[in-house]
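Student: I would like to learn how labels get attached to a structure. Can we go through the reasoning step by step?

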Amino acid sequence: MHRPTPGAAHQAPPADIEVRLTEELASVVAGARRRALRDGDRQLDTAHLLHSLMESDPEVRAVLDDGAQLARVLGYLVQRSIGYGLRWQGSVEDSGAVPLMTQPGWSPSALTAMEYALGRAEARGGEPVGGCDVLAALAADPDCRAVEVLRHAGVDTTALADRLAQPGEPGLTGSVGGPILQA
């Protein structure tokens, strides 16, 4: 069962999402892309994004409750790189978020997360997209690979999504533009 994910990503994406990213987030995406290639994956997925965020963004790391939880998340991400994610290799990640959203090199779930993160920044008046915007998007999609990793590491992803929600943001129950995941 899919819970609705907040965001404004129900419309068609731009021709190239990466032109809309800050320098810092573009670096995160580049790291995720390198990881995907190194892992032999055809597409950058949400676990690649999570891994790159955890490595490069101290604000994202600080969101986790304690050092032990951070260590468990990073441990699972490393395990994924060395074999844990083999069952995902060669498959396309699609949690059902927006089936028509595609862009070469991105899983549908990763693209949806980035669109949601961009929408959060726009809702704040055009502030730059931050790593916590992407983490909020990942945590809000209960069926993505990043959430699977977080859950294995003992993270309560529903509480994480709620904690990262912006004031006035509907959280996991819907969005201003309508749900992008179907129940």
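Student: Why is the pair Glu 55 and Arg 35 called a salt bridge?

Tutor: This is a predicted model. In it, the closest N and O atoms of Glu 55 and Arg 35 are 2.8 Å apart. The cut-off is within 4 Å, between a side-chain nitrogen of Lys or Arg and a carboxyl oxygen of Asp or Glu. The pair of Glu 55 and Arg 35 therefore counts as a salt bridge.

Student: What makes this pair a tie between parts that are 20 residues apart in sequence?

Tutor: Look at the helices. Glu 55 lies in helix α2, residues 46–56, and Arg 35 lies in helix α1, residues 23–39, so the pair ties those parts together.

Student: Why is Glu 55 called partly exposed?

Tutor: Its relative accessible area is 47%. Buried means under 20%, exposed means over 50%, and partly exposed is in between. The value for Glu 55 falls in between, so the label is partly exposed.

Student: How do you know whether Arg 35 is buried or exposed?

Tutor: Arg 35 has a relative accessible area of 9%. That is under 20%, so Arg 35 is buried.

Student: What makes Asp 45 and Arg 145 a salt bridge?

Tutor: Their side chains meet at 2.9 Å, N to O. The value is within 4 Å, so the pair qualifies. This salt bridge links distant parts of the chain, 100 residues apart. Asp 45 sits in the loop between α1 and α2, while Arg 145 is in helix α7, residues 145–152. Asp 45 and Arg 145 are both buried.

Student: How do you know that Asp 133 and Arg 120 form a salt bridge?

Tutor: Again, take the distance from N to O: 2.9 Å. It is within 4 Å, so the name fits. Asp 133 is in helix α6, residues 131–140, and Arg 120 is in helix α5, residues 108–123. The two residues are 13 apart in the chain.

Student: Why do Asp 133 and Arg 120 count as buried?

Tutor: Asp 133 has 4% relative accessibility, and Arg 120 has 6%. Each value is under 20%, so each residue is buried.

Student: What makes Arg 120, Arg 124, Glu 127 and Asp 133 one network?

Tutor: Shared partners. Salt bridges that share them join these four residues.

Student: How many salt bridges does a search of the whole structure find?

Tutor: The search finds 5.

Student: Now the cysteines. Why is Cys 132 called buried?

Tutor: Cys 132 has 12% relative accessibility, under 20%, so it is buried. Cys 144, at 2%, is buried too.

Student: How many disulfides does the structure hold?

Tutor: The structure holds 0.

Methods:
Residues numbered from 1 in each chain as written. Predicted model: local features only at pLDDT ≥ 70, side-chain atom pairs only at ≥ 80, totals over all residues. Heavy atoms only, no water. Helix = DSSP H or I, 4+ residues; strand = E, 2+ residues; numbered from the N terminus. Buried < 20%, exposed > 50% of the residue type's maximum accessible area, 1.4 Å probe, protein only. Disulfide = S-S within 2.5 Å.
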